[in-house]
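Please find below a colleague's note on aromatic contacts and cysteines. The points are numbered for ease of reply.

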Amino acid sequence: MADLGTAERPLRVAIVGSGPSGFYAAAPLLKGETVCTVDMFERLPTLFGLVRGGVAPDHPKIRNVTKVYEKIARHERFTLFANVKVGEDITIEELRRHYDAVIFACGAETDRRLGITGEDLPGSHTATAFVGWYNGHPDYRDLLFDLSQEVAVVVGVGNVAMDVARILAKTVDELRHTDIAQHALDALAESKVREIHVVGRRGAAQAAFTPIEIKEMGALDACDPVVDPAQLALDPVSEQELSDKNKAKNLEHLRAFAERTPAKPRRMHFHFLAGPVEIRGEGRVESMLLGRNQLEGDTPFKLRARPTGETYELPCGLVFRSIGYRGVPIPGVPFDDRWGGIPNEEGRVTENGAPVQGLYAVGWIKRGPSGIIGTNKPDSLETVKCLLEDVPALSPCEIPSTRAVHDLLCGRGVRVVTLEDWARIDAAEVAAGEAVGKPRERFTRVEEMLRVLEG
Ligand code: NAP
């Protein structure tokens, strides 16, 4: 039998997930000396993971990266299997029978939990749900957010929290010409939210947001940022953290905010050293109990929040928990429940510390939910290098045929969405957007997407 990775017997790789980390794994596999075929599996009929479903609609430039992914997908040895749920429509064992290696690029699809009383009261939502809702993700299409409330609390001071707070703060005119889902635009047009409280458990110097994102809060049409200057007084260890240019810039923006006199109808209040203790309410969110924290530790970038025991109550009608994402286990694949990802060494999936032959991971499911889109490029490359090193030791799969995978899925009644199909869905969305002055009008239900393909 011909060696794996040759023109006679290309290395067959399945990539599960069509977000940035998946495409950054596909690219070096298709470009390298080892001849590979890449079949990408995606559970939705649409592509690009968080670039489509996570990036905020008012940040369109970030979305342009999909052009790079489209080019990768056009490679002759790339095949798309979208609208296919791995673990449900096709099992891991079946994938292993048809591919020499499987790379998991399935991201972190759910949220970390605060673990406090009242977390699940009506009116308390995850950032994932809100972001998915305004981006028209089918999983979140039918959620309702009670935007008749005037006060919202956003827990967490990362960039996702900034997205959530900013979308709540923007006027409908600031969002109208973005590709925000129409149902979300309609709901936000009626929003009564006037006060947005953004809550960080550590100090201003430790905030996880980046300078561009915080700066934007000072340039909103109808919302002023409000910062108490006393909250920006830093202890000596936090001062040392300003050696990080981003942290120093963040502080500059926050200090400029602290000097402003708010005059716009909406306000975004920043609270630092405030930890969520309890969400209170009779049948729905009515307030949040926050504990005042102090910083503990003497090593820069390693400071922890410690409750002082003092608390204060913030009346509010909505809570958005934006404290980081978590991966979801896939049946048949090792999972580490402590941090919510696939255990691995440099991308080689491990079980009880030993590598599992033929299984690899990239992106957030590999390293946890951190970093920007570009962070995934070196991360995926690291995994691909390991995979290619392992080729001589890989056992060739039993059925090296993409056609066979297609037939298996079709036999089960799965409507596989191909690359050509996706191009039709994409074109239909763009055309619908043109009609209303938006870059695209998203389909928000799987049935709507598949209906485009019926003609
Ligand atoms: P993140 O950057 O890790 O921020 C999570 C925030 O939640 C931190 O402020 C963290 O505080 C806080 N937190 C965690 N556990 C908490 C708890 N139990 N109680 C209170 N607060 C808690 O995560 P993210 O905002 O979800 O973003 C994920 C990644 O995507 C980041 O790398 C982000 O930069 C990136 N992203 C980038 C953009 C962009 O470039 N525009 C947009 C969106 C997301 P501590 O620091 O104290 O842990």
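The points that follow concern a predicted model, and they take the aromatic pairs before the cysteines.

1. Aromatic pairs. The count comes to 16 aromatic pairs. One of the pairs is formed by Phe23 and Phe78, which are stacked, with 6.0 Å centre to centre and 20° between the planes. Phe23 belongs to helix α1 (residues 20-31) and Phe78 to strand β3 (residues 78-82), so this contact ties together parts that are 55 residues apart in sequence. Both Phe23 and Phe78 are buried.

2. A tilted pair. Phe48 and Tyr69 also form an aromatic pair; here the rings are tilted, at 6.0 Å centre to centre and 45° between the planes. Phe48 sits in the loop between β2 (36-42) and α2 (49-53), while Tyr69 is in helix α4 (residues 66-73), and the pair thereby links distant parts of the chain, 21 residues apart. Both Phe48 and Tyr69 are buried.

3. The cluster. Ring pairs join Phe23, Tyr24, Phe48, Tyr69, Phe78 and Trp422 into a cluster. The two pairs described above, Phe23 with Phe78 and Phe48 with Tyr69, thus have their residues in this cluster.

4. Disulfides. The structure holds 0 disulfides. Why does Cys223 form no bond with Cys316? The sulfur of Cys316 is the closest cysteine sulfur to that of Cys223, but it is 16 Å away, too far for a bond; a disulfide requires sulfur atoms within 2.5 Å. Seen from Cys316, the closest cysteine sulfur is in Cys223, again at 16 Å.

5. Cysteine burial. Cys223 counts as buried because its relative accessibility is 0%. Cys316, at 5% relative accessibility, also counts as buried.

Notes:
Residues are numbered from 1 along each chain as its sequence is written. This is a predicted model: local features need pLDDT of at least 70, side-chain atom pairs count only at pLDDT 80 or more; totals for chains, interfaces and linings use all residues. Side-chain values use heavy atoms; hydrogens and water are left out. Rings of Phe, Tyr and Trp (its six-membered ring) pair if their centres lie within 6.5 Å; planes under 30 degrees apart count as stacked, over 60 as edge-to-face and the rest as tilted. Helices (H or I, at least four residues) and strands (E, at least two) are DSSP runs, numbered from the N terminus. Buried means under 20% relative accessible area, exposed over 50%, partly exposed in between (1.4 Å probe, protein chains only).
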